[in-house]
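Student: I should like a close look at one part of this structure, namely a place where two helices meet. Please describe the contact and the charged pair within it.

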Amino acid sequence: MPGLGPAFARMENRLIMKGIMRGGVVDNATLPDDFTVELGRSGRRKGYPRVARAIYRSLKGFVKASDRYGEVAVPVTLVYSDQDWSRPAERERVAGLLAEVERITLPDTGHFSALERPNEVARILRRSN
């Protein structure tokens, strides 16, 4: 039913957003209130619901892109968290599609590793330059 997506997007509030985001962290203290406030602000910006729906419609294409992983000719570092939402079998599948891959798993960390372990994520990114 057209129109339901924008209606639900307008209903999203900070408590709901914080609840969803808490599912992606091991340590709730690493999820600052100002971050969830900013997420709410972002979601209310003009045009956001339209962009979000376009991204959701493209998800199948993102999955299909993995068909081309075998063409990647440079080293790749896959960084996951031990409490990440991704499934271990999917991680293995992705690694198996790449020619030269290093895997890093961050301990005691959820899906939002940059919130929980910003220094560690920055260290990994800096060493790749």
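Tutor: The following account concerns the contact of helix α2 with helix α3. The model is a predicted one. Helix α2 comprises residues 14–22 and helix α3 residues 33–43; their axes come within 9 Å and cross at roughly 115°. The crossing of α2 and α3 is right-handed.

On the side of α2, the contact is made by R14, M17, K18 and M21, and α3 contributes D33, F35, T36, V37 and L39. By character, the residues of this contact comprise five nonpolar, three charged and one polar.

Two of the residues in the contact, K18 and D33, also form a salt bridge. The closest N and O atoms of D33 and K18 are 2.2 Å apart. This pair links distant parts of the chain, since K18 belongs to helix α2 and D33 to helix α3, with their positions 15 residues apart in sequence. The partners differ in exposure: K18 has a relative accessible area of 11% and is therefore buried, as it falls under the 20% limit. D33, at 43% relative accessibility, counts as partly exposed, because this value lies between 20% and 50%.

The salt bridge of D33 with K18 belongs to a wider set, for a search of the whole structure finds nine salt bridges. Among them is a network that links E38, R41 and R45.

Note on methods. Residues are numbered from 1 along each chain as its sequence is written. This is a predicted model: local features need pLDDT of at least 70, side-chain atom pairs count only at pLDDT 80 or more; totals for chains, interfaces and linings use all residues. Side-chain values use heavy atoms; hydrogens and water are left out. Axes are lines fitted to C-alpha atoms, for helices over the stretch in contact, and angles run from 0 to 180 degrees between N-to-C directions. Helices (H or I, at least four residues) and strands (E, at least two) are DSSP runs, numbered from the N terminus. A crossing is left-handed if the near helix is turned anticlockwise from the far one by less than a right angle, and right-handed if clockwise. Contact means heavy atoms within 4.5 Å. Ala, Val, Leu, Ile, Met, Phe, Trp, Tyr, Cys and Pro count as nonpolar, Asp, Glu, Lys and Arg as charged, and the others, Gly among them, as polar. A salt bridge is a side-chain nitrogen of Lys or Arg within 4 Å of a carboxyl oxygen of Asp or Glu. Buried means under 20% relative accessible area, exposed over 50%, partly exposed in between (1.4 Å probe, protein chains only).
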